[in-house]
Structures are given as structure tokens and as C-alpha cells.
Amino acid sequence: MSVMLTKFESKSNRVKGLAFHPTQPLLAAALHNGSVQLWNYRMGVLVDRFEEHEGPVRGVAIHPTRALLVTGGDDYKIRVWDLRPQNRRCLFTLHGHLDYVRTVQFHHEMPWILSASDDQTIRIWNSTSRNCIAILTGHSHYVMSAQFHPKEDLIVSTSMDQTVRVWDISGLRKNTPGSGPNNFETFDTFSTVKYVLEGHDRGVNFASFHPSLPLIVSAADDRTIKIWRMSETKAWEVDSCRGHFNNVSNALFHPKHELIVSCGEDKTVRVWDLAKRTAIQTFRREHDRFWVLAAHPTLNLFAAGHDSGLIVFKLERERPAFSVYADTLFYVRDKYVRSYDFNTGSDIGLLSVRKFGSPYVPPRTLSYNPAERAVVVTISSDNGLYELATLPAQTNGEVKDSSVDGKRGTAHSAIFVARNRFAVLQKTNQLIEVRDLSNSVVKTIKPPVQTNEIFYGGTACLILSSTSSVILYDLQQEKVIAELNSPPVKYVTWSSDGQLVALMSKHTVTIANKNFSENSLIHETIRIKSGAWDDSGVFIYSTLNHIKYCLPQGDQGVICTLDNPVYLTRIKGKTAYCLDRSARPRTITFEPTEYRFKLALLRNNHEEILHLIRTSSLIGQSIIAYLQQKGFPEIALHFVQDKNTRFDLAIECGNLDVALETAKTIDRSECWDRLAQQALKQGNHKIVEKAFQQTKNFDRLSFLYMAVGSTEKLSKMQKIADARGDPMSRFHNALYAGDVHNRIAVLRDVGLYSLAYLTAKTNGLEDQAAEILEAAGLTEADVDDVPSFGQSTLKPPPIVTSTQNLNWPLLSGAESFWDRALANGHLDVDGEIPHVDTSGGALSSALDDWAKEEESHDAIDPEEGGWELDADAAETEEQEDEFEDAVDDEDSLGAGAAPGVSETELWVRNSPFAADHVAAGSFESAMQLLNRHFGIINFAPLKPLFLSTYRSSHVYLRLLDLNPDPKIVAQARQRIAAGDRNPRDAVEILYDEFTEFEICAATFTPIYKKSPLVRCPYTDAAYLPELKGKLDPLIELTEIGATATGLPAPR
């Protein structure tokens, strides 16, 4: 039998009582310190606690259909609690017992509560009337437990008087006691002792009924578990299970299998074969005695309470073994290999594997070979077995057993790797055996790492899973192709085209391409159960309570919520095919629009984006935030109704019409200011004028009217300035309008007579100059020493063409594709998708010209101004000409008028990689990232690389269309062949060949295993400890031994 699978564990005071919720993942635990805890064992969180009992709480139960909890404790009280999340409280308390209450239980149909007490009585309470309706007397010592029969009107009880009693309570259904005084004689008429079972030598702690058979199991302080059978007239002992070496606290029948589960003060939980009465599994704790067991009514879950908390566990894996080929699912249910047709729903049994391994352990994996119509099945019992069997072409009602012609062997894992080969992993001695279909060993391989699991990795390849990495391994060449750092991988799923693979661990999913050269990592806080690939290349995976999606570059999201875990087998359109925990095929319909929309954005598939917008109802803040984050504000605008968010998006994507519309609705000065700035960038001075008017920014309005040549509006601004009494504004308006008389009047009004006099004199206004002198109390003689100035030439430039009714053509006014398709936030269904010519002819010729230019110039010395991004003036002029040409090309393609956020700014904003920052020209942030990720401190060698990366990132080339020179290819192959023919050691190293070691990359001396060493944070090369803090001589970039974070996962 396989090891018990612990699903949840908590630390607390001693646990004396446990109860599962029948439908929700909740577990109630009664503690010796007087508290009752309510746990969500699936999420691993404490939901609530109830603390009104005084002293230890020993009994706890949850109602099978209602949100009620009952507890009983050493304070002689029974309390009933409301379990609804919004109203968790004690509803009422039942008084009557005269000593500790040991166990409590709800009846499955009637409104009854059963309790057992140290006062030697068993009581039945009506939870509706809140009265005691029966008292069962007869035990002569403490009553340790009492349980209702799951179907019949029976109760089984145990006591320290060494007996087990079965009570008939059928009279209670027909008669209900009156509300008079609690009379023992009255109560006894409704219940009778049917059987008294004697056989234990010490006090009996617990007894329970079998869910379907007339059997009782009891656990006692005589260290035995006894099985009793009942008939209509008598009951007798069938057998005993011996093996515990201290008091047995509890024993239960397994709800689905012919097993008994028990626990005791010998610190063990034991599993017994009901037919053979032998122990088949033992689970031990070091220091904790077990006190109580509980079985989930429908799921394969048990809970055990001990001295320092509780554990929730399963006895076997519930993940069915399955394999998918074309439109058929091959899977194992009830130890039969079955086939399920996804199209027709046909479900047929093909092969029995009931004689394979332990009868209580289901097969762990199944691998299908379509060429030979064969399966290889593994099971974890007996230290791991595999069986190779052929599936019948058709079944005639009789299903053959695999033992007839199957071939078996011992192995931890087994999987087909080719048409006539399968590989098995011998985990104990770390060997991979490649076998043929006759089960003969063809090849034996020692894996390069400590391997825990093997998975299919492509034809003649395996994926090897170790504790900290996963390796793609070529079986024919016996070499490692690639390696990824990863937690232990449990499941592997390949896409239908074999180009992508998903590596699933307990809490992570790694999406990689077929040679592991690109990958992204997703982390989950709860267990990942299964996964399958969508036809479009999106990975869909299930956790304990969700079905989620993961895009190839790492974006993820929730598709739907699950009540119970499922195991995904196939994704087709809007349907998820899966197996439930009982290995029955089922389908789940979901809405794939969200992840298809994101995938279309990722692939720039405009047709798909428009189709999804037209035909679906994509809404929500998550979509809007995603579009903003990915640089698609113009598309996000289509989904937004909130006016503030709508305004922000319109400004970001330069949609002035929508921005103006929403600014009018919001009507706040900061919005008008932002609108004015954006409109000014685009040259739309009409919207600028509207924004300045709304904010009453008179000075800027005046300057705007001067710039556009609107003399009529300038004169209006003069009148407004006069009405406002603002001398500076009056002066500016007079200056803009060329109104000398008004300028002189403003200077006189503010007492600046000298400036007013000079203004009049230089503009030939002698009469006004004389008036100013008189008003200032001066004569001509007083100003004789003032130098004479010539005639003033200050006057506004002549208006050649008035642009007050035209917007300035600072940027192209042509609409972009998204402006047309999503004009004003509403879809224009007639918008056509532009086609951009990506052929390589013109690009290739441009590349040739550029290459000739490069040959005619000397290389740039990085020490001579190499860090400057602007080369020389000639280059700058050429780049500006190229930019103007590019703008013209952009106009011809219908590019948008608004630049929005620059592309290079998005590189810096969205990327955690130094290379992207270099390409964008943000060298400082790139250096900071390199220092943080790899500990690089010397950037001088990187100068030419930085510059070439920056320059090349602003040139668009189709390098894939350019074939390399055949001469260069031939020369490279010759050099490789020469090196292979004449291998030699460049550095002679003396070393001990029997001891594991690494080579110091600086001194070329061996560093033996367990000897101290330091590493380069970039190359991971090993160095002697005395070299820590020095510059890495290998690449001359990083500090040896520096702490670095490494590259982050792509977003």
C-alpha cells in the first residue's frame, strides 16, 4: 500500500473531536483547551473559532444538510451553533447531563441530537423543541461514545464497563414524549437494548456501524479492534485485529473500500484489510498520541486528531491514470482500462488490471502506444510495478485480464519513447532501462542527475525530473540537451503540435518550447492538479478550486471556479473535458473570450481582436488594466464607462475627441490642463483654446491668439483685461496687438512715467510724451540728459495666412487603424485592417548599402566619446532625414496623429531585462539591472556592445531572410572538425579522479567536493574563496561572490 498522502496539517492544543462538513471543505476540531476551530483544509486557513465552553471540548459534529454545528464538553453542556458565515454564533445550549459529554451527533433525517456522557447515560435531544426526548440507561460506567446507524433506527454505544451496546430506537419515530417532567420510565418506553456485545478485556473507547453491511467495529483499551456481525435476532464477534501496542482510541470502516482505519495512543494510524484482518499500512508520529478519527462522508479524506494538532490525509491518490490520443481518452477506473470517445461520448471497458498490484491501490500512470495499440501501466504498490499489455481491437462483452499476456516488471515509472520502445526508471539504483515490446532490456542508462520521475520528451527523448531541476535528455546520444531550474515536476503535458510543453509541479507551471530554450514560470499558492493545451496554444490548468489559463509569455487568469477538483484531459472550443475524482468523464463549458483576446493582442492579430470585440461582452477592470499595461489604450477605451478612466485613456492614446467629451463631463481644471497640453502637442489649437477658456487662463489664451493671428479675439482679450484690472495682462495684450497707445496708458496707470515717456518718444508720439512729462511734474529741461533713441521697430509680425480657423499640421492628421475601428470608443465595423509589406527585398538592399557605409568608416573607439548616443553632426542630419522619410511612410500607411507613449519608453517601463533598457537608450537603468542581477561592476567592456545594441535596435531588419555566405559556413565546419580530430588540453590540471571536484576558473586548480568556494553571479563559475570580491577574470564584468538576484521571469 502506498504511503498516506497528507493534504493538510495544523498545530494546536490536543484535538479530541473532529467533524467534516459534507459539502464544503470545512473541518471542525474540538480542542482540549476549550476552543472549537473551524478550518478550511483545502486552502489551509483557520476560518473561525468558537470559545464559549468552559473546559475541554470532546465531541463535535456538523449537520448533514443544515448549517449547524453541535459540540459537547466537560462543562456538561451541549451547544448548537449557526455555521453560516455572516452569523456564526451559539444558537442554544442543552442542559441535562451530570458529567462530561464525550460524543455528540446529528441524526441524518430526524431533528435529533445524540450525546454520550460520563454520567453513564445516552440522551437524545430534539433540536427543534430543544428538549430531551429519550434517556438510554444500562451502562454501568462512563459512556465513551454513541453513534446513530446510517440508515436504520439503531444506536451503538461503548463504555468503560467493557461492553458495546446496540439500542433499538424505532419507537421514537412513532411517539414523541410530552412536555411533562423528564421521567425515566417514560423515556425508556421508546428505546430498548437490542444487543449487549461482550468480548473486550478493557474499557471500549469507540464503535461505529458499517455504511452498508450489518457490521460493527469497536476499539478498546485492550489494544484490539473487534469486528461484530448483527442479524435480526443476535450479534456476535467475527474477529479481532491485533497490532496496536497501546490503547486504541478510534476505529472506522472505510466508506468505499473493504478497509478499517484505526488510531491509538501508540502514536500510530493503522489501515486494516477487512477480509484478511491484517494491517496493510501504518503511519507513525514521533511524539503525538492519536485520539480521534473522522471520515468524509463522500470524499476520500480522513482526519486524525493528536496531542499537538490534526492532520487531513488520503489513503491513495485520486488522480486517475490516463492518456489522450487523437479523439480518444484512455483511462483507468475501478482497475479497468477504458476508452472514451470525445466526439460520441462512447465509454468502453477494454482491459482489466484488477490482478495488477494491490487491490486497494489504483494505477498511477498510463502510457499509450497508438502504433501497437498497447499500454504500459504503473502502480506504486510493492515498491513500484509496471505492466505492458495490448488493448483488444474490439470487445465482445468480455473484458480480458492483463495478466493473460501482459509483461510485468519492477519500476517507479514507465513510459513509451518510440514505436517499439519504452523506458522504465529504477529509482532505487538510479537506472533508466530502455526495453522493447517483448520486455527485454535494449539499453541501460545512468541518468545525469538524481531522477525522481521520467516523462515523454519527444521521440527518443526523456524529460528527467529531479528535486531542483528538469532535464531534456536524448536517449540515443545519451546526452543532456537542455536543463531548467524547477521544483520537482509531477506532470508533463505537450501541445498538439509538439512545439510547447507544460511542466507542472506542486505549486508552479513552467511553459517551455520543445528544446527548453524559452520558458516562463507561473506560481500558484494552492496545489496544481492537471492541465491541457487549447487548440490556439494556450495552456489551461486546474487547481484545487479553479480552472485557469496561461499564455505562452506567462500571463494568466481565472476561467471558472470549481466545487471539487477535476483532472483536465482535453480543451476543445468552449468545452473542457475532464475526469472527476471517481474517474468518470465529464465536461465543463466555459467562456474562452478573455484569454483568446489577450492571445490576439500578444500576436497582433487585429482581425481576431475586432471579431472578439464585436461578438463578445469583454468588460471589467482587469481587461482595461491589461490593455493599458500592454500599451493598447485605444482598445481599452472601447470597454471603459467610467469617465475618469476614459479621460486618462483618451489622453494616453491621443484621442482628443473623446478626451474633450469626457473633460466636459468631468469639468475639473486639472483635466482641462492635461487636455490643453495634449492638444498643443498635436497642434489642435481649437481644443487648446477651449481648454484655456474653461480654466480662465487668460494669459495663455492671449498668447495663443497672437500665435494663430486672431486680432479680433486679441482685442476681446484686451477688453477682458481692462475689465479685470490686471495691468500685466493689459500690457501683454497691447504688446501682442501692436497697440502702442494702450501700452502707454498701462504704464502711466501703474506710475511708470519714464517707460511711458520713452515708449511715446520712440514711437513718434510727441504730444503724448509732453502730456506724460506734465503729469509727472517735469519739463523738457529735466530730461535733457536722456539719450535719444531711434524710431521703435517693435511691432507684431504681419499675418500672411490666418490659422485661427485651421489646426496646425505639426503631426500627421491621418487616422490610425484603431482610430477608425474604435472611433470615439465605439466600434466602426467598416474599418479595414492595414496590410504592411514585410517582404525582404527592399530591406536586403538597404542592408547592403548600410554595410558599405560601415566599411568606409573607421570603427568607433569606445574610449573616444563612445558613450554618446549622437554620433557626429552628419549622422544626425542623416538620421533626421530618415526620420522625416519614416514619418512620410507612416502617413501613407495611415498612422495615428497622436504618438502616445513612445515605444522605447514602453521597453523601459515593461521589461525587467537589461538588454531592453540598452536598446531603449536607458543605459543607467541597464547598468543598475546588470549589477543587481549578475553583480557586474565593470561596464567598460560593455560600451561598444551597448552602443551597437542601441543602434541596431532602431534599425528594422529581416535577418531570417538573409542566408549566410556558404564559404563562411564551410570554413566554420572545417575548424570544428579539426578541433575534434586533434583534441588537446589547453591547461594541464592535476586532480584526483576518484573525488568529485570543480575547476577554479582563475587558477585552474581543482576545488574538491565539500571544500569552500565562491561563484560568479553571472556565469556560475567556481573560484577559490580568497578570490571573493575581485573582478571575474573570465568575462571581466562581475564581482566574484557578489549577491545577485538573477533574471526575473518574463511577464
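I will go through the overall make-up of this predicted model and then a handful of its residues, one at a time.

Starting with the chain as a whole, the secondary structure comes to 24 helices and 59 strands, and of the 1051 residues in the protein chain 46% are buried. If we take the contacts with a separation of 6 or more, 45% of them are accounted for by residues 24 or more positions apart.

On annotation, the UniProt entry, which is unreviewed, lists "repeat: WD" for residues 8-49, 50-84, 94-135, 136-170, 197-238 and 241-282. I looked at two of these segments in the model. Over residues 50-84 the chain is 0% helix and 51% strand, with the end C-alpha atoms 13 Å apart, and over residues 136-170 it is 0% helix and 57% strand, with the end C-alpha atoms again 13 Å apart.

Let me turn to His-296, which sits in the loop between strand S26, residues 290-295, and strand S27, residues 302-306. Is this loop residue buried or exposed? His-296 counts as buried because its relative accessibility is 2%, the cut-off for that class being under 20%. Its side chain reaches the backbone nitrogen of Thr-298 at 3.1 Å, and the backbone nitrogen of Leu-299 also lies 3.1 Å from a polar atom of the His-296 side chain. Once neighbours within four places in sequence are left aside, His-296 is in contact with Phe-20, His-21, Pro-22, Tyr-41, Pro-255 and Leu-301.

Some of those names come back when we look at the cavities. The structure holds four cavities of 30 Å³ or more, and about 130 Å³ of space lies in the largest cavity. Among the residues that line this cavity are Tyr-41, Leu-299 and Leu-301, together with others including Lys-7, Arg-42, Lys-314, Arg-527 and Arg-581. What is the character of the lining of the largest cavity? Its residues divide into five nonpolar and five charged, with no polar ones.

A little further along the chain, Asp-307 is placed in the loop between S27 and strand S28, residues 309-314. The Asp-307 side chain makes a polar contact of 3.2 Å with the side chain of Arg-14, and another polar contact, of 2.7 Å, joins the side chains of Asp-307 and Trp-291. Not counting residues up to four places away in sequence, Asp-307 also touches, among others, Ser-12, Asn-13, His-287, Asp-288 and Arg-289.

Phe-330, by contrast with the loop residues, lies in strand S30, residues 328-333, and counts as buried because its relative accessibility is 3%. Beyond four places in sequence, the contacts of Phe-330 include Phe-322, Tyr-325, Arg-338, Leu-350, Leu-366, Tyr-368, Arg-373 and Leu-391. The C-alpha atoms of Phe-330 and Ser-367, which are 37 residues apart along the chain, are separated by 8.9 Å.

Finally, a word on backbone geometry. Most residues other than glycine have a negative phi. Arg-223, however, has a positive phi, near 70 degrees, and is found in the loop between strand S19, residues 215-220, and strand S20, residues 224-230. Gln-430 likewise has a positive phi, of about 55 degrees, and lies in the loop between strand S38, residues 421-426, and strand S39, residues 431-436. As for their surroundings, Arg-223 counts as partly exposed at 43% relative accessibility, whereas Gln-430 is buried, with a relative accessible area of 6%.

How values were computed
Residues are numbered from 1 along each chain as its sequence is written. This is a predicted model: local features need pLDDT of at least 70, side-chain atom pairs count only at pLDDT 80 or more; totals for chains, interfaces and linings use all residues. Side-chain values use heavy atoms; hydrogens and water are left out. Helices (H or I, at least four residues) and strands (E, at least two) are DSSP runs, numbered from the N terminus. Buried means under 20% relative accessible area, exposed over 50%, partly exposed in between (1.4 Å probe, protein chains only). A polar contact is a pair of N or O atoms within 3.5 Å; within protein, one must be able to donate a hydrogen and the other to accept it, and residues adjacent in sequence count only if both atoms are side-chain atoms. Contact means heavy atoms within 4.5 Å. UniProt positions are given in the numbering used here, feature names are shortened, and annotations may be inferred rather than shown by experiment. On a 1 Å grid over the protein atoms alone, a cavity is a set of points where a 1.4 Å probe fits but cannot get out, and a pocket is an open set with protein on both sides within 12 Å along at least five of seven lines; lining residues have an atom within 4 Å of a point. Grid points are joined across faces, edges and corners, and a volume is the space filled by probe spheres set on the points. Ala, Val, Leu, Ile, Met, Phe, Trp, Tyr, Cys and Pro count as nonpolar, Asp, Glu, Lys and Arg as charged, and the others, Gly among them, as polar.
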